[in-house]
Amino acid sequence: MAASSHVGADIYLEAVEMLLNEGVFTRLGFSLPPEIFQELLEMLTRRRLVGRAEESILAAEIGCIDFHHVAKLCHQLGLFRATTYLYTQGLADFITPAKKLIISLRHCSAEDTGLTGRGRRQRLATLFEYI
């Protein structure tokens, strides 16, 4: 992709992100196409904007999410709030997110922050919020 078209695509996706996170699509009854949502997540993760990626997942309607792709991304980046949203809203599965959080806590030291900057304390807070 040429640099100028890459920049143009990123500008478009930033606008999509803003509208998504402000709930504009939901208010208008518009469902974001899964392909566009996937491109948005790829742009955000490429830029290492993991928090914004998680917020976008939480703001998206479950129907616009490619479940397996996003679940894999959430696992790789440690997006436990987004994982919980996916499983509870997409599959009505309330057990798997809790298991994933507990397992991650067993393998995470208090200082471990990894790629997402989320250590044990934040994972505990996510688990507490979930329960």
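**Exercises: loops, helices and a core**

R48 lies in the loop between α3 and α4. The model you are looking at is predicted.

**Exercise 1.** Decide whether R48 is buried or exposed, and find what is unusual about its phi.

*Solution.*
- Step 1. Take the relative accessibility of R48, which is 59%.
- Step 2. Exposed means over 50%, so R48 counts as exposed.
- Step 3. Read the phi of R48: it is near 60°, a positive value.
- Step 4. Recall the general rule: most residues other than glycine have a negative phi.
- Step 5. R48 is a residue other than glycine, yet its phi is positive.

**Exercise 2.** Repeat the analysis for A92: in which loop is it found, and is it buried or exposed?

*Solution.*
- Step 1. Locate A92 in the loop between α6 and α7 (96–106).
- Step 2. Its phi is positive, about 55°, although A92 is not a glycine.
- Step 3. The relative accessible area of A92 is 54%, so A92 is exposed.

**Exercise 3.** Describe how α3 and α4 are arranged.

*Solution.*
- Step 1. Choose the descriptors: two packed helices are described by the angle between their axes and the distance between the axes.
- Step 2. The axes of α3 and α4 come within 8 Å and cross at roughly 160°.
- Step 3. Angles over 145 degrees count as roughly antiparallel, so α3 and α4 are roughly antiparallel to each other.
- Step 4. Add the handedness: α3 passes α4 in a left-handed crossing.
- Step 5. List the contact: α3 brings F37, L40, L41, L44 and T45, while α4 brings R52, A53, S56 and I57.
- Step 6. Sort these residues: six are nonpolar, two polar and one charged.

**Exercise 4.** Find which residues touch the most other members of the largest nonpolar core, and which element gives the most to it.

*Solution.*
- Step 1. The core has 27 residues.
- Step 2. F37, L40, I57, I65, V70 and L86 touch the most other members.
- Step 3. Two or more residues come from each of α1 (3–21), α3 (34–46), α4 (50–59), α5 (67–77) and α6 (80–91).
- Step 4. α5 gives the most, with six residues.
- Step 5. Follow I65: residues up to four places away in sequence aside, I65 touches F37, I57, A60, V70, Y85 and L86.
- Step 6. Put this in context: in soluble globular proteins, nonpolar side chains tend to be buried together.

**Exercise 5.** Is T83 buried or exposed, and what is it in contact with?

*Solution.*
- Step 1. Place T83 in helix α6.
- Step 2. The relative accessibility of T83 is 6%, so T83 counts as buried.
- Step 3. Leave aside neighbours within four places in sequence; T83 is then in contact with C74, P97 and K100.

Methods:
Residues are numbered from 1 along each chain as its sequence is written. This is a predicted model: local features need pLDDT of at least 70, side-chain atom pairs count only at pLDDT 80 or more; totals for chains, interfaces and linings use all residues. Side-chain values use heavy atoms; hydrogens and water are left out. A nonpolar core is a set of buried Ala, Val, Leu, Ile, Met, Phe, Trp, Tyr and Cys residues joined through side-chain atoms within 4.5 Å. Buried means under 20% relative accessible area, exposed over 50%, partly exposed in between (1.4 Å probe, protein chains only). Helices (H or I, at least four residues) and strands (E, at least two) are DSSP runs, numbered from the N terminus. Contact means heavy atoms within 4.5 Å. Axes are lines fitted to C-alpha atoms, for helices over the stretch in contact, and angles run from 0 to 180 degrees between N-to-C directions. Angles under 35 degrees count as roughly parallel, over 145 as roughly antiparallel, 65 to 115 as roughly perpendicular and the rest as oblique. A crossing is left-handed if the near helix is turned anticlockwise from the far one by less than a right angle, and right-handed if clockwise. Ala, Val, Leu, Ile, Met, Phe, Trp, Tyr, Cys and Pro count as nonpolar, Asp, Glu, Lys and Arg as charged, and the others, Gly among them, as polar.
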